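Student: I'd like to go through this model and check the labels people put on it. Can we take them one by one?

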Amino acid sequence: MSTLPQFWWQAARFRARWWLLLLYRLTRFSVASFTLLLPILGAISGDPAVAVSALWICLAVGLCFHVFAYISNDVCDLPIDRRQPLRAEYPIVQGIISPKTALAIALVQIPAAFALAALHGANAASYAALCTAFVAMAAYNIWGKRCPVPIFMDLLQGVSWGALALWGAFILGSEFSAGLNCLFANIVVYILFINGIHGCVRDFANDVRCGARTTASFLGATLDAAGDRKSVV
């Protein structure tokens, strides 16, 4: 009988690890550090001596945005991701979590983020920046691989991430400055390259098979006879 409590304890630990791994993969937590960094960069660009309490708000809202951005992207790109081996372990691709449930989890992050911002005393500029971040990301996720000129959508995604950094500055009462403008421009260009070039090349073969419109194909990338290596014409 003494082994029964031990069995239940081990079973509970197994289930806890399973759920943690599920959440880790569902939310793409492995890359959350980049998302969380952006509002903090915005905050300290306006006030290097920012209070710790303000940084916690930046982290909380940044996490809401991260969950929304990645889960909604996985829902929108599900038909493409199902044919991509690199996405095979995603819970939505495996069918562990339904697209409707995943979308609900993503959408609830929007009111959560705005509520957190309101608790910190958000102003009009910060609301505008946060709204821009969510709307631009939603537009990219929906039309990013369907737009006739996909590089515009990659640019729009860059604006979304950049707006998140602006929110971090505006929530503390900062205004536009040369440093903040430079930060925003650098984020937009970085995302444009990392998503429009690196990401497109990584997923190029599968995107071509699925008929997706990407910056790589728009700029002339093609598949060779083997069907997996890329070249530019």
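Tutor: Sure. One cut-off to begin with: contact means heavy atoms within 4.5 Å. And keep in mind that this is a predicted model.

Student: Okay, which residues does Trp 161 contact, leaving aside its neighbours within four places in sequence?

Tutor: They are Phe 34, Thr 35, Leu 38, Phe 65, Ala 69, Tyr 70, Met 137, Ile 187 and Ile 191. Trp 161 also turns up in the largest nonpolar core, a set of 48 residues, where Phe 65, Ile 71, Trp 161 and Trp 167 have the most contacts. Helix 3, residues 52–76, gives the largest share of this core, with 12 residues.

Student: What is the secondary structure of the chain?

Tutor: There are 12 helices and 2 strands. From the N terminus on, the helices are written before the two strands, which end the run as β-β.

Student: Why is Thr 214 called buried?

Tutor: Buried means under 20% relative accessible area. Thr 214 has 4% relative accessibility, so Thr 214 counts as buried. Thr 214 is in the loop between helix 11 (204–210) and helix 12 (215–218).

Student: What does Thr 214 touch there, not counting residues up to four places away in sequence?

Tutor: Lys 145, Pro 150, Cys 200, Phe 204 and Asp 207.

Student: And why is Cys 131 called partly exposed?

Tutor: Partly exposed lies between the buried limit of 20% and the exposed limit of 50%. The relative accessible area of Cys 131 is 36%, so the label is partly exposed.

Student: What about Cys 210, then: why does that residue count as partly exposed?

Tutor: Cys 210 comes in at 25% relative accessibility, and buried would need under 20%, so partly exposed is the label here.

Student: How do you know that Cys 131 is in no disulfide?

Tutor: A disulfide needs two cysteine sulfur atoms within 2.5 Å. For Cys 131 the nearest cysteine sulfur is that of Cys 64, 15 Å away, so Cys 131 is in no disulfide. The structure holds 0 disulfides.

Student: Stepping back, how much of the chain is buried?

Tutor: Of its 233 residues, 42% count as buried. The accessible surface is about 12,300 Å², and 70% of that belongs to carbon and sulfur atoms.

Student: And what share of the contacts between residues at least 6 apart in sequence joins residues at least 24 apart?

Tutor: That share is 68%.

Key. Residues are numbered from 1 along each chain as its sequence is written. This is a predicted model: local features need pLDDT of at least 70, side-chain atom pairs count only at pLDDT 80 or more; totals for chains, interfaces and linings use all residues. Side-chain values use heavy atoms; hydrogens and water are left out. Helices (H or I, at least four residues) and strands (E, at least two) are DSSP runs, numbered from the N terminus. Buried means under 20% relative accessible area, exposed over 50%, partly exposed in between (1.4 Å probe, protein chains only). Accessible areas come from the Shrake-Rupley method with a 1.4 Å probe; for residues, only the protein chains shown count as cover. A nonpolar core is a set of buried Ala, Val, Leu, Ile, Met, Phe, Trp, Tyr and Cys residues joined through side-chain atoms within 4.5 Å.
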